Amino acid sequence: MAAVEVEGLRKTYGDVVAVDRIDLEIAEGEVLAILGPNGAGKTTTVEILEGYRTPDAGRVRVLGADPQTGGRAWRERIGIVLQEAGFEELFTPRELIRLHAGWYPHPRAVDEVIEMVGLEDKADARVRTLSGGQRRRLDLALGIVGSPELLFLDEPTTGFDPSARRRAWELVDRLRDTGATILLTTHYLDEAQHLADRLVVVDHGRVVAQGTAEQLAATAGMGAVISFRLPDGIEVADLPDLGDPVRAVGAVAEVRTVHATADVARLAGWAVERGVELADLTLTRPSLEQVYLDLVGAEGLAEEPVAAEPGVM
Ligand SMILES: Nc1ncnc2c1ncn2[C@@H]1O[C@H](COP(=O)(O)OP(=O)(O)OP(=O)(O)O)[C@@H](O)[C@H]1O
């Protein structure tokens, strides 16, 4: 059974269509990242899955239950790290973690949680003395203390310094190893690429693309670029047919392709057969950032969904 199943999810606020018929499936043990510009509908979607907002239409199943009616036993199986949780400023992280641990039937040990999020030095300091990044670590700690089967991480590393981010990534890797399912929203593309098994890009309340970073590149029609120096006496017309047009830029040939491996093999076979060298042969794949910007536009304003169908994820 999938950990999360969503079909035809829709949510409007007055005239604003925040979520427009989203389909989504997250397998047990999968780490899924939702990406998208501000206002795309990520938080609305995630909060419906958490049971904090009511959908207008669609079917939602989270750990086999409807979040609206899941009740306490269901809630104990999920962990939530919100963007900005409020804390009791006079408590210490250790006290808050211990308090939260008491709400769950199978909590992690308090010291283990403190170590997992890297709050050892501040475990006994009052919350009001913590920095922004340290508070986010405490958010993380409270999200994982109940040993959740499904963890929602809403922009978990915003405000973290680079080493704290690395540490949070290691934490997510550790949670993945315990078999937890994780739904992550993030604006950091490297974070999504590093942590997630699968990425889902939403824009204007719709899924515009999904898959691994490589599959997203293919969806965006960006593919990879193969380039090499044309051997002496060889012209573009002499090259094998690769299905995609080869452009000559001075002495350098370039081909943009979504079948990079097959094309490289074809070219290499051709060159070896003729005993010529393809000098400076390189394969460049677009960065996730380039793909993302291509999908949602530089201003975060996509014209049209790129994928023909919002499709089941
Ligand atoms: N409670 C609300 N009342 C009215 N409109 C809302 C409400 N919550 C969200 N919206 C609107 O719904 C749309 C989707 O918002 P949502 O918060 O889900 O986006 P998001 O993708 O999480 O954005 P961000 O990256 O900025 O967090 C936006 O246009 C937003 O203004």
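**Close-up views of a predicted model**

**View 1. Helix H6 and its two sides.** On one side of H6, Pro162, Ser163, Glu170, Asp173, Arg174 and Asp177 are exposed, meaning that 12 or fewer other C-beta atoms lie within 10 Å of their own; a buried residue has 20 or more, a partly exposed one falls in between, and C-beta atoms are placed from the backbone. This is a predicted model, in which local features need pLDDT of at least 70 and side-chain atom pairs count only at pLDDT 80 or more, while totals for chains, interfaces and linings use all residues. Residues are numbered from 1 along each chain as its sequence is written. Helices (H or I, at least four residues) and strands (E, at least two) are DSSP runs, numbered from the N terminus. Across from the exposed residues, Ala168, Val172 and Leu175 of H6 are buried. Seen down the helix axis, the buried residues of H6 fall within an arc of 60°, so they line one face; the arc is that of the directions from the axis to the C-beta atoms.

**View 2. What H6 packs against, and where it ends.** The buried residues of H6 pack against strands S3 (31–35), S6 (150–154) and S7 (181–185), and against helices H5 (132–144) and H7 (189–195). Contact here means C-beta atoms, placed from the backbone, within 7 Å. After H6 comes Gly179, with a positive phi near 90°.

**View 3. The largest nonpolar core.** Look here for a core of 65 residues, where Leu32, Ala33, Val113, Ala141, Ile182, Leu184 and Val201 have the most contacts inside it. A nonpolar core is a set of buried Ala, Val, Leu, Ile, Met, Phe, Trp, Tyr and Cys residues joined through C-beta atoms within 7 Å. Beyond its neighbours within four places in sequence, Leu184 touches Val31, Leu32, Ala33, Leu153, Pro156, Leu195 and Ala196. A second, separate core has nine residues, including Ala224, Ala253, Val255 and Leu278.

**View 4. Two domains.** Domain 1 covers 4–77 + 149–217, and domain 2 covers 224–284; these bounds come from an automatic or database domain assignment. Their C-alpha centres are 41 Å apart.

**View 5. Around the ligand.** The surrounding residues are Tyr13, Val16, Ala18, Gly36, Asn38, Gly39, Ala40, Gly41, Lys42, Thr43 and Thr44, each counted if its C-beta atom, placed from the backbone, lies within 6 Å. Strand S2 (16–26) and helix H1 (42–49) are the elements giving two or more residues to this shell. H1 provides the largest share, three residues.

Conventions. Contact = placed C-beta atoms within 7 Å.
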